[in-house]
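Biologist: I should be grateful for a close look at a single part of this model, with its surroundings described afterwards. Please take the strands first and then the side chains.

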Amino acid sequence: MRWLRRNPRPQAGRLIRSIPVMAARAGEGLRDGFAAASGATIRRVAPGPGAGTGAAQGPQARRRRDPAPSRLMYRLHRVWLTPSYRRMIRIGLPVVVITLIAGAWLADEDQRAALAARYADLREAIHNREAFMVHTMEVTGASPAVERGLRGMLPVDLPASSFDIDLQALRSQVLALDAVASVDLRIKPGGVLSAAVTERVPALLWRHTSGIDLIDETGHRVASVTSRELRRDLPLIAGPGADRAAHEALALIDAIGPILPRLRGLERRGERRWDVVLDRGQRIMLPEDDALAALKQALALARDKDLLSRDVSIVDMRNPGQMVLRMGISAQNAIRRARGQPLLAPDGTVINETAAQAAGTTGRAG
(Lines give C-alpha, C1' and ligand atoms only; values in the text may rest on other atoms or scores of the structure.)
Protein backbone atom coordinates (compact mmCIF):
# COMPACT_ATOMS: atom_id res chain seq x y z
CA MET A 1 0.00 0.00 0.00
CA ARG A 2 2.87 2.31 0.76
CA TRP A 3 4.33 1.59 -2.64
CA LEU A 4 0.91 2.19 -4.28
CA ARG A 5 0.65 5.49 -2.53
CA ARG A 6 4.06 6.53 -3.80
CA ASN A 7 3.20 5.55 -7.42
CA PRO A 8 -0.58 6.00 -7.66
CA ARG A 9 -1.18 6.48 -11.39
CA PRO A 10 0.91 3.64 -13.06
CA GLN A 11 0.09 1.09 -10.40
CA ALA A 12 -3.61 1.93 -10.42
CA GLY A 13 -3.75 1.43 -14.20
CA ARG A 14 -2.05 -1.96 -14.02
CA LEU A 15 -4.31 -2.96 -11.16
CA ILE A 16 -7.44 -2.04 -13.10
CA ARG A 17 -6.29 -3.93 -16.22
CA SER A 18 -5.55 -7.04 -14.14
CA ILE A 19 -9.03 -7.18 -12.61
CA PRO A 20 -10.59 -9.14 -15.58
CA VAL A 21 -7.75 -11.67 -15.52
CA MET A 22 -8.15 -12.24 -11.81
CA ALA A 23 -11.88 -12.65 -12.22
CA ALA A 24 -11.39 -15.23 -15.01
CA ARG A 25 -8.98 -17.25 -12.91
CA ALA A 26 -11.25 -17.19 -9.93
CA GLY A 27 -14.10 -18.46 -12.15
CA GLU A 28 -11.99 -21.32 -13.46
CA GLY A 29 -11.06 -22.32 -9.91
CA LEU A 30 -14.72 -22.38 -8.92
CA ARG A 31 -15.60 -24.54 -11.94
CA ASP A 32 -12.77 -26.98 -11.13
CA GLY A 33 -13.94 -27.26 -7.56
CA PHE A 34 -17.54 -28.00 -8.59
CA ALA A 35 -16.32 -30.57 -11.13
CA ALA A 36 -14.11 -32.35 -8.60
CA ALA A 37 -16.95 -32.50 -6.11
CA SER A 38 -19.26 -34.03 -8.70
CA GLY A 39 -16.66 -36.39 -10.24
CA ALA A 40 -16.88 -34.84 -13.73
CA THR A 41 -13.96 -34.48 -16.11
CA ILE A 42 -13.07 -31.05 -17.34
CA ARG A 43 -11.51 -30.67 -20.79
CA ARG A 44 -9.56 -27.55 -21.32
CA VAL A 45 -9.14 -26.09 -24.77
CA ALA A 46 -5.98 -24.30 -25.55
CA PRO A 47 -6.52 -20.76 -26.56
CA GLY A 48 -6.07 -20.06 -30.19
CA PRO A 49 -3.61 -17.71 -31.70
CA GLY A 50 -4.30 -14.19 -30.89
CA ALA A 51 -6.34 -15.07 -27.82
CA GLY A 52 -5.27 -13.71 -24.53
CA THR A 53 -6.38 -11.69 -21.60
CA GLY A 54 -8.44 -8.59 -21.75
CA ALA A 55 -5.31 -6.55 -21.59
CA ALA A 56 -3.80 -8.44 -24.59
CA GLN A 57 -6.91 -8.23 -26.85
CA GLY A 58 -6.89 -5.90 -29.84
CA PRO A 59 -9.00 -2.68 -30.34
CA GLN A 60 -11.70 -4.69 -32.27
CA ALA A 61 -12.54 -6.75 -29.16
CA ARG A 62 -12.78 -3.61 -26.97
CA ARG A 63 -15.16 -1.73 -29.38
CA ARG A 64 -18.54 -0.99 -27.81
CA ARG A 65 -21.93 -0.21 -29.41
CA ASP A 66 -22.39 3.44 -30.33
CA PRO A 67 -25.43 4.79 -28.39
CA ALA A 68 -26.08 7.56 -30.94
CA PRO A 69 -29.01 6.83 -33.34
CA SER A 70 -28.52 6.39 -37.02
CA ARG A 71 -29.26 9.18 -39.45
CA LEU A 72 -32.57 7.56 -40.51
CA MET A 73 -33.74 7.10 -36.92
CA TYR A 74 -32.77 10.68 -36.11
CA ARG A 75 -34.84 12.03 -38.98
CA LEU A 76 -37.83 9.86 -38.09
CA HIS A 77 -37.61 11.02 -34.50
CA ARG A 78 -37.55 14.67 -35.59
CA VAL A 79 -40.58 14.13 -37.82
CA TRP A 80 -42.45 12.49 -34.94
CA LEU A 81 -41.82 15.55 -32.77
CA THR A 82 -43.79 17.69 -35.26
CA PRO A 83 -47.25 18.44 -33.67
CA SER A 84 -49.15 18.35 -36.96
CA TYR A 85 -47.63 14.99 -37.87
CA ARG A 86 -48.55 13.52 -34.49
CA ARG A 87 -52.12 14.78 -34.80
CA MET A 88 -52.36 13.34 -38.29
CA ILE A 89 -51.17 9.91 -37.10
CA ARG A 90 -53.17 9.81 -33.86
CA ILE A 91 -56.40 11.44 -35.07
CA GLY A 92 -56.44 11.84 -38.83
CA LEU A 93 -55.40 8.32 -39.74
CA PRO A 94 -58.02 6.59 -37.48
CA VAL A 95 -60.71 8.95 -38.77
CA VAL A 96 -59.82 8.18 -42.37
CA VAL A 97 -59.84 4.45 -41.70
CA ILE A 98 -63.19 4.59 -39.89
CA THR A 99 -64.67 6.76 -42.65
CA LEU A 100 -63.55 4.34 -45.34
CA ILE A 101 -65.01 1.40 -43.43
CA ALA A 102 -68.31 3.22 -42.80
CA GLY A 103 -68.51 4.36 -46.43
CA ALA A 104 -67.93 0.84 -47.68
CA TRP A 105 -70.61 -0.47 -45.32
CA LEU A 106 -73.13 2.23 -46.25
CA ALA A 107 -72.54 1.74 -49.95
CA ASP A 108 -75.00 -1.12 -49.80
CA GLU A 109 -78.60 0.13 -50.22
CA ASP A 110 -80.02 -2.66 -48.06
CA GLN A 111 -77.69 -1.72 -45.22
CA ARG A 112 -78.81 1.92 -45.41
CA ALA A 113 -82.47 0.93 -45.39
CA ALA A 114 -81.97 -1.33 -42.39
CA LEU A 115 -80.10 1.40 -40.53
CA ALA A 116 -82.86 3.95 -41.23
CA ALA A 117 -85.53 1.50 -40.06
CA ARG A 118 -83.67 0.81 -36.83
CA TYR A 119 -83.24 4.54 -36.21
CA ALA A 120 -86.95 5.20 -36.81
CA ASP A 121 -87.95 2.40 -34.44
CA LEU A 122 -85.59 3.66 -31.76
CA ARG A 123 -86.84 7.25 -32.15
CA GLU A 124 -90.47 6.16 -31.97
CA ALA A 125 -89.80 4.08 -28.88
CA ILE A 126 -88.16 7.02 -27.10
CA HIS A 127 -90.83 9.54 -28.14
CA ASN A 128 -93.69 7.35 -26.94
CA ARG A 129 -92.29 6.73 -23.51
CA GLU A 130 -94.69 7.63 -20.71
CA ALA A 131 -92.23 10.10 -19.23
CA PHE A 132 -92.49 12.26 -22.40
CA MET A 133 -96.26 12.09 -22.93
CA VAL A 134 -98.53 15.16 -22.49
CA HIS A 135 -102.08 14.26 -21.45
CA THR A 136 -103.79 17.55 -20.50
CA MET A 137 -103.51 21.32 -21.07
CA GLU A 138 -103.93 23.89 -18.30
CA VAL A 139 -104.70 27.53 -19.25
CA THR A 140 -104.68 30.34 -16.66
CA GLY A 141 -105.36 34.07 -16.98
CA ALA A 142 -107.20 33.84 -20.31
CA SER A 143 -110.77 34.68 -21.25
CA PRO A 144 -112.93 31.89 -22.68
CA ALA A 145 -112.46 33.14 -26.24
CA VAL A 146 -108.66 33.28 -25.91
CA GLU A 147 -108.58 29.88 -24.22
CA ARG A 148 -110.53 28.31 -27.07
CA GLY A 149 -108.20 29.88 -29.60
CA LEU A 150 -105.13 28.69 -27.70
CA ARG A 151 -106.38 25.11 -27.48
CA GLY A 152 -107.18 25.17 -31.17
CA MET A 153 -103.59 26.15 -31.97
CA LEU A 154 -102.12 22.91 -30.62
CA PRO A 155 -100.43 21.08 -33.52
CA VAL A 156 -101.47 17.64 -32.21
CA ASP A 157 -104.34 16.11 -30.30
CA LEU A 158 -103.71 15.18 -26.69
CA PRO A 159 -102.37 12.84 -25.45
CA ALA A 160 -99.24 13.39 -27.51
CA SER A 161 -95.50 13.23 -27.12
CA SER A 162 -93.76 16.36 -25.87
CA PHE A 163 -91.34 16.04 -28.80
CA ASP A 164 -94.25 16.73 -31.17
CA ILE A 165 -95.11 20.05 -29.45
CA ASP A 166 -92.87 22.94 -30.46
CA LEU A 167 -93.28 25.38 -27.57
CA GLN A 168 -91.49 28.25 -29.32
CA ALA A 169 -93.65 27.98 -32.45
CA LEU A 170 -96.81 27.66 -30.33
CA ARG A 171 -95.80 30.72 -28.29
CA SER A 172 -95.33 32.76 -31.48
CA GLN A 173 -98.80 31.76 -32.68
CA VAL A 174 -100.40 32.69 -29.35
CA LEU A 175 -98.68 36.09 -29.29
CA ALA A 176 -100.16 36.75 -32.73
CA LEU A 177 -103.56 37.03 -31.01
CA ASP A 178 -104.42 40.70 -30.47
CA ALA A 179 -105.77 40.13 -26.98
CA VAL A 180 -102.62 38.39 -25.66
CA ALA A 181 -99.80 40.49 -24.22
CA SER A 182 -97.58 37.61 -23.05
CA VAL A 183 -97.75 33.87 -22.52
CA ASP A 184 -95.59 31.40 -20.59
CA LEU A 185 -95.66 27.85 -21.96
CA ARG A 186 -94.04 24.92 -20.18
CA ILE A 187 -94.54 21.20 -19.69
CA LYS A 188 -94.96 20.29 -16.04
CA PRO A 189 -94.29 16.89 -14.46
CA GLY A 190 -97.23 14.55 -14.82
CA GLY A 191 -97.82 15.32 -18.50
CA VAL A 192 -99.44 18.77 -18.09
CA LEU A 193 -98.95 21.54 -20.67
CA SER A 194 -99.25 24.79 -18.70
CA ALA A 195 -100.11 28.10 -20.42
CA ALA A 196 -100.06 31.25 -18.26
CA VAL A 197 -101.62 34.02 -20.36
CA THR A 198 -101.55 37.77 -19.71
CA GLU A 199 -104.20 39.58 -21.73
CA ARG A 200 -104.18 43.19 -22.87
CA VAL A 201 -106.45 45.54 -20.94
CA PRO A 202 -108.66 47.76 -23.16
CA ALA A 203 -108.21 51.45 -22.35
CA LEU A 204 -109.78 53.29 -25.30
CA LEU A 205 -112.30 52.95 -28.09
CA TRP A 206 -110.82 53.91 -31.44
CA ARG A 207 -113.23 54.84 -34.21
CA HIS A 208 -111.76 54.71 -37.70
CA THR A 209 -112.95 54.17 -41.26
CA SER A 210 -113.16 50.38 -40.83
CA GLY A 211 -115.15 50.38 -37.59
CA ILE A 212 -114.51 50.60 -33.85
CA ASP A 213 -111.64 48.80 -32.11
CA LEU A 214 -110.67 48.32 -28.50
CA ILE A 215 -107.04 49.35 -27.92
CA ASP A 216 -104.82 49.28 -24.86
CA GLU A 217 -102.75 52.13 -23.43
CA THR A 218 -99.98 51.48 -25.96
CA GLY A 219 -102.38 51.68 -28.91
CA HIS A 220 -102.27 47.94 -29.63
CA ARG A 221 -105.51 46.47 -30.91
CA VAL A 222 -107.36 44.18 -28.49
CA ALA A 223 -110.65 43.40 -30.22
CA SER A 224 -113.39 44.89 -32.37
CA VAL A 225 -116.85 46.03 -31.28
CA THR A 226 -119.91 46.78 -33.36
CA SER A 227 -121.08 49.78 -31.33
CA ARG A 228 -119.84 52.19 -28.70
CA GLU A 229 -122.78 51.19 -26.52
CA LEU A 230 -121.03 47.91 -25.77
CA ARG A 231 -118.27 49.71 -23.83
CA ARG A 232 -119.66 53.00 -22.54
CA ASP A 233 -117.09 52.91 -19.76
CA LEU A 234 -114.21 53.62 -22.16
CA PRO A 235 -113.43 57.05 -23.69
CA LEU A 236 -113.59 57.42 -27.45
CA ILE A 237 -110.89 58.64 -29.79
CA ALA A 238 -111.23 59.06 -33.53
CA GLY A 239 -109.24 59.90 -36.59
CA PRO A 240 -106.35 58.42 -38.56
CA GLY A 241 -103.24 57.77 -36.43
CA ALA A 242 -105.13 58.18 -33.14
CA ASP A 243 -104.04 54.73 -31.98
CA ARG A 244 -100.37 55.70 -32.25
CA ALA A 245 -100.96 58.64 -29.87
CA ALA A 246 -103.04 56.66 -27.35
CA HIS A 247 -100.70 57.50 -24.47
CA GLU A 248 -101.09 61.25 -25.09
CA ALA A 249 -104.86 60.86 -25.40
CA LEU A 250 -105.06 59.17 -21.99
CA ALA A 251 -103.04 62.01 -20.44
CA LEU A 252 -105.44 64.58 -21.92
CA ILE A 253 -108.47 62.67 -20.67
CA ASP A 254 -107.00 62.51 -17.16
CA ALA A 255 -106.46 66.29 -17.22
CA ILE A 256 -110.04 67.13 -18.21
CA GLY A 257 -111.25 66.47 -14.68
CA PRO A 258 -114.50 68.35 -13.83
CA ILE A 259 -115.89 68.41 -17.38
CA LEU A 260 -115.27 64.69 -17.95
CA PRO A 261 -119.03 63.93 -17.96
CA ARG A 262 -119.39 66.34 -20.91
CA LEU A 263 -116.61 64.71 -22.90
CA ARG A 264 -117.71 63.07 -26.14
CA GLY A 265 -114.22 62.07 -27.21
CA LEU A 266 -110.92 63.17 -28.75
CA GLU A 267 -110.42 63.61 -32.48
CA ARG A 268 -107.01 63.37 -34.11
CA ARG A 269 -106.55 66.08 -36.73
CA GLY A 270 -104.04 65.60 -39.51
CA GLU A 271 -102.30 62.87 -37.48
CA ARG A 272 -100.50 65.62 -35.55
CA ARG A 273 -102.83 67.30 -33.01
CA TRP A 274 -106.02 66.77 -30.95
CA ASP A 275 -109.49 68.33 -30.70
CA VAL A 276 -111.41 67.84 -27.44
CA VAL A 277 -115.06 67.31 -28.41
CA LEU A 278 -117.69 68.16 -25.76
CA ASP A 279 -121.45 67.97 -25.79
CA ARG A 280 -123.58 70.83 -27.19
CA GLY A 281 -121.19 70.92 -30.15
CA GLN A 282 -118.34 72.58 -28.27
CA ARG A 283 -114.76 71.86 -29.24
CA ILE A 284 -111.36 72.78 -27.77
CA MET A 285 -108.66 72.88 -30.46
CA LEU A 286 -105.23 72.02 -29.05
CA PRO A 287 -101.80 72.77 -30.58
CA GLU A 288 -99.46 70.18 -32.02
CA ASP A 289 -96.81 70.69 -29.32
CA ASP A 290 -97.44 70.78 -25.56
CA ALA A 291 -101.13 69.98 -25.92
CA LEU A 292 -101.51 69.08 -22.25
CA ALA A 293 -100.39 72.53 -21.04
CA ALA A 294 -102.71 74.26 -23.52
CA LEU A 295 -105.67 72.16 -22.33
CA LYS A 296 -104.96 73.00 -18.70
CA GLN A 297 -104.81 76.71 -19.58
CA ALA A 298 -108.13 76.54 -21.44
CA LEU A 299 -109.80 74.70 -18.56
CA ALA A 300 -108.50 77.28 -16.06
CA LEU A 301 -109.92 80.15 -18.12
CA ALA A 302 -113.18 78.30 -18.58
CA ARG A 303 -113.43 77.74 -14.85
CA ASP A 304 -112.72 81.39 -13.99
CA LYS A 305 -114.92 82.97 -16.67
CA ASP A 306 -117.53 80.23 -16.86
CA LEU A 307 -116.65 80.09 -20.53
CA LEU A 308 -117.92 76.66 -21.50
CA SER A 309 -121.41 77.34 -20.12
CA ARG A 310 -121.89 80.15 -22.63
CA ASP A 311 -122.81 79.95 -26.30
CA VAL A 312 -119.24 79.25 -27.46
CA SER A 313 -118.70 76.62 -30.13
CA ILE A 314 -114.89 76.58 -30.42
CA VAL A 315 -112.06 77.43 -28.06
CA ASP A 316 -108.99 77.69 -30.27
CA MET A 317 -105.69 77.19 -28.41
CA ARG A 318 -103.55 76.41 -31.45
CA ASN A 319 -101.68 79.71 -31.12
CA PRO A 320 -99.61 79.49 -27.91
CA GLY A 321 -100.47 82.22 -25.43
CA GLN A 322 -103.54 83.39 -27.35
CA MET A 323 -107.09 82.11 -27.06
CA VAL A 324 -109.55 82.56 -29.93
CA LEU A 325 -113.25 81.99 -29.32
CA ARG A 326 -115.91 81.23 -31.87
CA MET A 327 -119.46 82.01 -30.74
CA GLY A 328 -122.44 79.80 -31.43
CA ILE A 329 -125.16 80.50 -34.00
CA SER A 330 -127.57 81.83 -31.37
CA ALA A 331 -125.06 84.36 -30.04
CA GLN A 332 -124.09 85.43 -33.53
CA ASN A 333 -127.74 85.89 -34.55
CA ALA A 334 -128.37 88.02 -31.45
CA ILE A 335 -125.53 90.32 -32.40
CA ARG A 336 -126.55 90.40 -36.06
CA ARG A 337 -130.16 91.11 -35.09
CA ALA A 338 -129.05 94.07 -32.98
CA ARG A 339 -126.96 95.34 -35.87
CA GLY A 340 -129.77 94.80 -38.39
CA GLN A 341 -127.83 92.18 -40.33
CA PRO A 342 -129.27 89.02 -41.90
CA LEU A 343 -129.44 86.03 -39.60
CA LEU A 344 -127.44 82.81 -40.00
CA ALA A 345 -128.78 79.33 -40.60
CA PRO A 346 -127.63 76.43 -38.37
CA ASP A 347 -125.04 75.52 -41.00
CA GLY A 348 -123.62 79.09 -40.86
CA THR A 349 -124.98 80.35 -44.17
CA VAL A 350 -126.76 83.75 -44.37
CA ILE A 351 -130.54 83.58 -44.46
CA ASN A 352 -132.15 85.73 -47.22
CA GLU A 353 -135.12 87.36 -45.43
CA THR A 354 -136.89 88.33 -48.69
CA ALA A 355 -136.73 84.79 -49.96
CA ALA A 356 -137.83 83.50 -46.58
CA GLN A 357 -140.81 85.86 -46.48
CA ALA A 358 -141.79 84.95 -50.06
CA ALA A 359 -141.57 81.30 -49.24
CA GLY A 360 -143.77 81.89 -46.19
CA THR A 361 -146.38 83.84 -48.21
CA THR A 362 -146.53 81.14 -50.89
CA GLY A 363 -147.04 78.54 -48.26
CA ARG A 364 -149.95 80.42 -46.67
CA ALA A 365 -151.62 81.03 -50.08
CA GLY A 366 -151.51 77.37 -50.89
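Modeller: In this predicted model, three strands form an open sheet in the order β2-β5-β4, and their pairing is mixed. The edges are taken by β2 (136-140) and β4 (180-188); each has a single partner strand, so one side of each is left without a neighbour in the sheet. From one strand to the next the twist averages 15°.

The pairing of β4 with β5 (residues 192-199) is antiparallel and rests on eight bridges. Within it, Asp184 stands opposite Ala196 of β5. Two helices belong to the description of this sheet. Helix α6 (residues 144-152) lies across β2, β4 and β5, and runs at about 145° to β2. Helix α7 (residues 167-175) also packs on the sheet, where it touches β4 and β5; the direction of α7 makes about 155° with that of β4.

The loops beside these helices deserve attention as well. Val156 has its place in the loop between α6 and β3 (160-161). With a relative accessible area of 24%, Val156 is partly exposed. Leaving aside residues up to four places away in sequence, Val156 touches Asp164 and Ile165.

Another loop contributes to an aromatic pair. Phe132 and Phe163 are arranged edge-to-face, with 5.1 Å from centre to centre and 70° between the planes. Phe132 lies in the loop between α5 (109-127) and β1 (133-134), whereas Phe163 lies in the loop between β3 and α7, so the pair ties together parts that are 31 residues apart in sequence. Both rings can be placed by accessibility: Phe132 is partly exposed at 27% relative accessible area, and Phe163 counts as partly exposed at 44%.

The count of aromatic pairs comes to two. The other partners are Trp80 and Tyr85, again edge-to-face, at 6.1 Å centre to centre with 85° between the planes. Trp80 has a relative accessible area of 33% and is partly exposed; Tyr85, at 31%, is partly exposed too.

The surroundings include a further sheet. It is an open sheet of nine strands with mixed pairing, in the order β8-β7-β6-β9-β10-β11-β12-β13-β14. At its edges stand β8 (221-225) and β14 (324-327), each with a single partner strand, so one side of each is left without a neighbour in the sheet. Here the twist averages 25° from one strand to the next. Strands β12 (residues 283-285) and β13 (residues 312-316) run parallel and are joined by three bridges. In this pairing, Ile284 stands opposite Val315 of β13.

This nine-stranded sheet also has a helix against it. Helix α8 (residues 246-256) lies across β6 (204-208), β7 (211-215), β9 (236-238), β10 (263-269) and β11 (273-278), and runs at about 145° to β10. A side-chain contact joins α8 to one of these strands: Arg268 and Glu248 meet in a salt bridge, with 3.8 Å from N to O. The pair links distant parts of the chain, since Arg268 is in strand β10 and Glu248 in helix α8, 20 residues apart. Arg268 counts as buried, at 11% relative accessibility, whereas Glu248 is partly exposed at 30%.

A second salt bridge involves β10. Glu267 pairs with Arg283, and their closest N and O atoms are 2.8 Å apart. Glu267 lies in strand β10 and Arg283 in strand β12, so the pair ties together parts that are 16 residues apart in sequence. Glu267 counts as partly exposed at 23% relative accessibility, and Arg283 is partly exposed with a relative accessible area of 24%. The two residues also belong to a wider arrangement, for salt bridges that share partners join Glu267, Arg269, Arg273, Asp275 and Arg283 into one network.

Towards the β8 edge, the side chains of Arg221 and Asp213 meet in a salt bridge of 3.7 Å, N to O. Asp213 is buried, with a relative accessible area of 10%, while Arg221 is partly exposed at 31%. In total, the count of salt bridges comes to 18.

Notes. Residues numbered from 1 in each chain as written. Predicted model: local features only at pLDDT ≥ 70, side-chain atom pairs only at ≥ 80, totals over all residues. Heavy atoms only, no water. Pairing = 2+ DSSP bridges. Helix = DSSP H or I, 4+ residues; strand = E, 2+ residues; numbered from the N terminus. Axes fitted to C-alpha atoms, helices over the stretch in contact; angles between N-to-C directions. Contact = heavy atoms within 4.5 Å. Salt bridge = Lys/Arg side-chain N within 4 Å of Asp/Glu carboxyl O. Buried < 20%, exposed > 50% of the residue type's maximum accessible area, 1.4 Å probe, protein only. Phe/Tyr/Trp six-rings, centres within 6.5 Å; stacked < 30°, edge-to-face > 60°.
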